[in-house]
Amino acid sequence: MQELAIIAHQGAGGGQGGKVLEETLAALGKRQIEPKVHISTYAGHSEILAQQLAQEPVIAVIGGDGTLHEVVASLAGHSQPPAILYLPAGRGNDFARAWQAKRSLTEALDQWQAGSRCQVPILRLQDQVSGQISYGINSLGIGFDAMVNQQSKALRLGRLLAKWHLGKLSYLVAVFASLPKLEAFEVSLSLDNQLPQLVSDCYLFSALKNPYMGGGIKLDNLGQASNPEISVMAFHSIKARHLPGLIWRVLVSHQQDQSPQVSRWIGQKLDLDIKQAILGQVDGEVQEAAPRQLTIDWLTYPFILAEP
């Protein structure tokens with residue numbers, strides 16, 4: 001009998017993870033496939049489970065972007081990592097929005113049984129001080145978006161909206177709650193070994209392999225997840241009078257690249273130096289405030305997907 005290893009976070013998306021797991025088990029039963037279910041119960045648990053399953057040809061992941069991040073980040077350093085069959089069940093589902101929008105459970109299982117594979121570009125981040133390497137499936141954000149992610153998870157209303165499958169609205173509530181806490185910082189960046197550039201009075205700095213964040217907000221209106229490059233965005237020199245127009249460009253007109261308060265670059269490798277202790281996030285997982293010296297490039301990871 002054919003088998004499928006599964007890592008599931010049942011609490012993802014306000015309980016949506018448990019529902020998707022039930023549906024998946026029922027669908028596998030109809031196909032006479034034996035599931036090998038591993039339940040993730042705490043932060044970091046999916047990383048441990050992924051390492052235990054590193055010899056599997058395919059791992060199905062049920063959860064949100066955070067669960068998927070833990071699994072891929074745990075396995076990306078392997079020479080032949082398992083392919084990932086992602087079954088989204090989170091608040092934001094930004095990876096799924098970019099790569100497998102509207103894919104049904106039936107289509108996902110059909111692609112797995114047909115042997116469909118797609119090499120998905122992801123971020124590789126190396127700390128220039130410690131040499132430690134980490135990975136991101138969507139983006140690295142420093143400053144305001146990290147603050148918003150932290151606020152979104154802390155807001156009781158955000159948790160309620162997640163249960164009602166209104167992840168984007170939860171994120172928007174956190175955006176407006178975080179605006180009074182805007183903090184400026186300075187960034188030195190170099191793309192593809194060119195001369196460094198200095199961005200002063202920066203409030204949000206992001207390196208992206210996925211243009212979406214916060215449950216469907218397209219931060220990089222010109223970007224596509226499949227593009228063989230890293231997008232870099234800086235939101236800077238923002239005064240109170242700029243906020244209404246900037247919010248409109250990001251959320252409604254999708255023309256933020258035309259704003260004087262937004263700078264955008266693309267490249268293959270980014271060297272980044274931030275002296276101040278600023279909050280950060282990778283794939284929505286908040287990192288403590290700290291100075292950062294990073295080298296960021298990209299590599300690919302195998303997913304069960306149709307080629308874009």
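Here are some worked exercises on a predicted model.

**Exercise 1: Two unusual backbone angles**

Find out what stands out about phi in Asn93 and Ser237, and work out whether each residue is buried or partly exposed.

*Solution.*
- Step 1. Start with the usual case: most residues other than glycine have a negative phi.
- Step 2. Now look at Asn93. Its phi is near 55°, a positive value, and Asn93 isn't a glycine.
- Step 3. Do the same for Ser237: here too phi is near 55°, positive in a residue other than glycine.
- Step 4. Place them. Asn93 sits in the loop between β4 (83-88) and α4 (94-99), while Ser237 is in the loop between β12 (230-236) and α9 (243-253).
- Step 5. Check the accessibility. Buried means under 20% relative accessible area. Asn93 has 19%, so Asn93 is buried. Ser237 has 31%, so Ser237 counts as partly exposed.

**Exercise 2: A loop lysine**

Locate Lys239, decide how exposed it is, and compare its distance to Gln261 in sequence and in space.

*Solution.*
- Step 1. Lys239 belongs to the loop between β12 and α9.
- Step 2. Partly exposed covers the range between under 20% and over 50%. Lys239 has a relative accessibility of 41%, so it's partly exposed.
- Step 3. Along the sequence, Lys239 and Gln261 are 22 residues apart; in space, their C-alpha atoms are 9.3 Å apart.

**Exercise 3: One face of a helix**

Which residues of helix α2 are buried, and how are they arranged around its axis?

*Solution.*
- Step 1. Go through α2, residues 45-52: His45, Ser46, Leu49 and Ala50 are buried.
- Step 2. Look down the helix axis. The buried residues of α2 fall within an arc of 135°, so they line one face of the helix.
- Step 3. Ask what that face meets. The buried residues of α2 pack against the strands β1 (3-8), β2 (34-39) and β3 (58-63), and also against helix α3 (65-75).

**Exercise 4: Sorting out the aromatic rings**

Classify the ring pairs Phe95 with Trp99 and Tyr301 with Phe303.

*Solution.*
- Step 1. Know what to look for: a pair of aromatic rings is described by the distance of the centres and the angle of the planes.
- Step 2. Search the whole structure, and four aromatic pairs turn up.
- Step 3. Take Phe95 and Trp99. Their ring centres are 6.4 Å apart and their planes are at 25°; planes under 30 degrees apart count as stacked, so this pair is stacked.
- Step 4. Phe95 and Trp99 are four residues apart in helix α4, so about one helical turn separates them. Both Phe95 and Trp99 are buried.
- Step 5. Now Tyr301 and Phe303. Their ring centres are 5.8 Å apart with planes at 70°; over 60 degrees is edge-to-face, so that's what this pair is. Both Tyr301 and Phe303 are buried.
- Step 6. Put the picture together: ring pairs link Tyr86, Phe95, Trp99, Tyr301 and Phe303 into a cluster.

**Exercise 5: What surrounds Ser190?**

Where is Ser190, and what does its side chain reach?

*Solution.*
- Step 1. Ser190 is part of strand β8 (residues 185-191).
- Step 2. Its relative accessible area is 9%, so Ser190 is buried.
- Step 3. Follow the side chain of Ser190: it reaches the backbone oxygen of Gln194 at 2.5 Å.
- Step 4. Leave out residues up to four places away in sequence, and Ser190 touches Leu195, Pro196, Lys269, Leu270 and Asp271.

Key. Residues are numbered from 1 along each chain as its sequence is written. This is a predicted model: local features need pLDDT of at least 70, side-chain atom pairs count only at pLDDT 80 or more; totals for chains, interfaces and linings use all residues. Side-chain values use heavy atoms; hydrogens and water are left out. Helices (H or I, at least four residues) and strands (E, at least two) are DSSP runs, numbered from the N terminus. Buried means under 20% relative accessible area, exposed over 50%, partly exposed in between (1.4 Å probe, protein chains only). The arc is that of the directions from the helix axis to the C-beta atoms. Contact means heavy atoms within 4.5 Å. Rings of Phe, Tyr and Trp (its six-membered ring) pair if their centres lie within 6.5 Å; planes under 30 degrees apart count as stacked, over 60 as edge-to-face and the rest as tilted. A polar contact is a pair of N or O atoms within 3.5 Å; within protein, one must be able to donate a hydrogen and the other to accept it, and residues adjacent in sequence count only if both atoms are side-chain atoms.
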